[in-house]
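Let us read a protein model together, feature by feature, in the form of a conversation between a learner and a teacher.

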Amino acid sequence: METGKFNAILFAGTGSGCGKTTVTCSILKALINRGIKTAAFKCGPDYIDPMFHSEIIGTGSGNLDTFLCGENNVKCLYAKNAKGARISVIEGVMGFYDGPGGDGSHSTYTVARLTGAPVILVVNPKGMSLSIAAIINGFRDFMPENHIKGVVINSVTPALYEMYKPIIEEKTGIRVYGFLPALPEAVIESRHLGLVTSGEIEDIKLKLELMAENAGKYIDIDGLLQLSQTARSIQYDPMEVHRSCSCNIAVAMDRAFCFYYRDSLELLEQLGAKLTLFSPLKDEAIPENAHGLILGGGYPELYTQELSENKSMLSSIKWAIEKKMPVYAECGGFMYLQKSITDAGKDSYPMVGALKGKSFMQDRLSRFGYVTLKAKTDNLLCRKGESINAHEFHYSDSDNNGSTFEALKPDGKRKWECIFADETVAAGYPHMHFYGNIRFAENFVQKCSEYGKSRAENI
């Protein structure tokens, strides 16, 4: 058992759309502009918000998801990534108490308790005056040990803030640490999977500077730094990760494929993999020295023509699969490996064609949310009967989703078959976090290493 204490602030929301990401990014940038070494985290399975965190702090942002990773692993990952930082800034997900069940489990509230971080509740009081105090009192009193210590008001004018601040502090006893005005010039556009990614915004640095300028002007940054020092100590059982082999793994990384968990990729490196990034959009082929291939999620449906027209890349990936190179693909990567993708405009484009099936866009989410995956047969990632938690979030579907795993919803009321997997390929819609079952990562790296040795012997 190890003990750690890390200065931290967790920004939680009353619900989705209240401004958590805006407030978090504004504070992060204001801290970085002061030269303060800062670590960043996102509660839940989201990929896009951590991209904005990383754009600001210059290093990766970690996900803290108790359903995907388990409570002890979340504490371990938090401790690993928070070490050396003067402050950790954690962004919540949905409303503070919202999770897959009705008891607050796997929510931002859970992460607040596990990390010991004091909580700042982000509220947007549009359409309210005194009622905002009732809402804040309700959040503070709803469940025990919630660590709610302050409030930041989002999207109000300075004059309205002067009205809200005394109401909240008098009626709740909770300190208000400031506000952010509406910043139309810094608005980040959304699309079907959430915000557009940070790499797609040409003036992202200007927007972030505008956020930071307003945070410095209207939010008590010094007060938040002082509050962060009240974070409680945490205890956790350290995870043991042993380097067992060496290999080169090519990871698709561009506008079409960009959904990855920082800690999953770092785990592969700890196990002995050297990761090389490549672009299915721009490069002619996968890296020559690759012993394995990872195709993550993202937005292939937005780049169907470019992906389809890059014939040399399509051929390179299909050749690698035919030569039994280990390949792991999820969601967008899975779509890319199939015969074709039909975009929202109903135009169909040929893809790699290494897997049976065709994917197509819909106007609604398919099989959204958390699942537990259980293997029906031995495969690249695990043995029959082994399991890992995962999640799905996609507006596309396929006429052939695979059948190597069974997916079970947390309430046990719905299940289905998914994922194509054999000894060298694992591809399907579910997103996995390798800290959910480290054996999956170990098996993949081992297979890549074996492929590399076999290839060297045949040269």
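The dialogue that follows takes up cavities, a helix, cysteines and salt bridges in turn.

Q: Before we begin, what kind of model is this, and how are its residues numbered?
A: This is a predicted model, in which local features need pLDDT of at least 70, side-chain atom pairs count only at pLDDT 80 or more, and totals for chains, interfaces and linings use all residues. Residues are numbered from 1 along each chain as its sequence is written, and side-chain values use heavy atoms, with hydrogens and water left out.

Q: How many cavities are there?
A: Rolling a probe the size of a water molecule over the atoms shows where empty space is left. On a 1 Å grid over the protein atoms alone, a cavity is a set of points where a 1.4 Å probe fits but cannot get out, and its lining residues have an atom within 4 Å of a point. Grid points are joined across faces, edges and corners, and a volume is the space filled by probe spheres set on the points. Here the count comes to five cavities of 30 Å³ or more, and the largest cavity has a volume of about 100 Å³.

Q: Which residues line the largest cavity?
A: The lining is made up of Phe259, Tyr260, Tyr261, Ser264, Leu265, Ile294, Gly296, Tyr328, Glu330, Met432 and Phe434. With helices (H or I, at least four residues) and strands (E, at least two) taken as DSSP runs numbered from the N terminus, α10 (262–270) and β17 (327–330) each supply at least two residues of this lining. By class, the lining has eight nonpolar, two polar and one charged residues, where Ala, Val, Leu, Ile, Met, Phe, Trp, Tyr, Cys and Pro count as nonpolar, Asp, Glu, Lys and Arg as charged, and the others, Gly among them, as polar.

Q: Why is helix α2 largely enclosed by the rest of the structure?
A: A residue is called buried under 20% relative accessible area, exposed over 50%, and partly exposed in between (1.4 Å probe, protein chains only). Helix α2 (residues 48–57) is largely enclosed because eight of its 10 residues are buried, namely Ile48, Asp49, Pro50, Met51, Phe52, His53, Ile56 and Ile57. Just after α2, glycine 58 takes a positive phi of about 85°.

Q: How many disulfides does the structure hold?
A: A disulfide is a covalent bond between the sulfur atoms of two cysteines, and the test applied is a pair of cysteine sulfur atoms within 2.5 Å. The structure holds zero disulfides. For cysteine 76, the nearest cysteine sulfur, that of cysteine 69, is 10 Å away, while for cysteine 448 the nearest, that of cysteine 247, is 4.9 Å away. Cysteine 76 is buried at 7% relative accessibility, and cysteine 448 is buried as well, at 0%.

Q: Where do glutamate 306 and arginine 255, which meet in a salt bridge, lie?
A: A salt bridge is a side-chain nitrogen of Lys or Arg within 4 Å of a carboxyl oxygen of Asp or Glu, and a search of the whole structure finds 22 of them. The side chains of glutamate 306 and arginine 255 meet at 3.4 Å, N to O. Glutamate 306 lies in helix α11 (residues 304–309) and arginine 255 in the loop between β12 (247–252) and β13 (257–259), so the pair ties together parts that are 51 residues apart in sequence.

Q: Which residues are linked in a network of salt bridges?
A: Such a network links Lys80, Arg262, Asp263 and Glu266.

Conventions: 1 Å grid on protein atoms, 1.4 Å probe; cavity = no way out; pocket = protein on both sides within 12 Å on 5 of 7 lines; lining within 4 Å.
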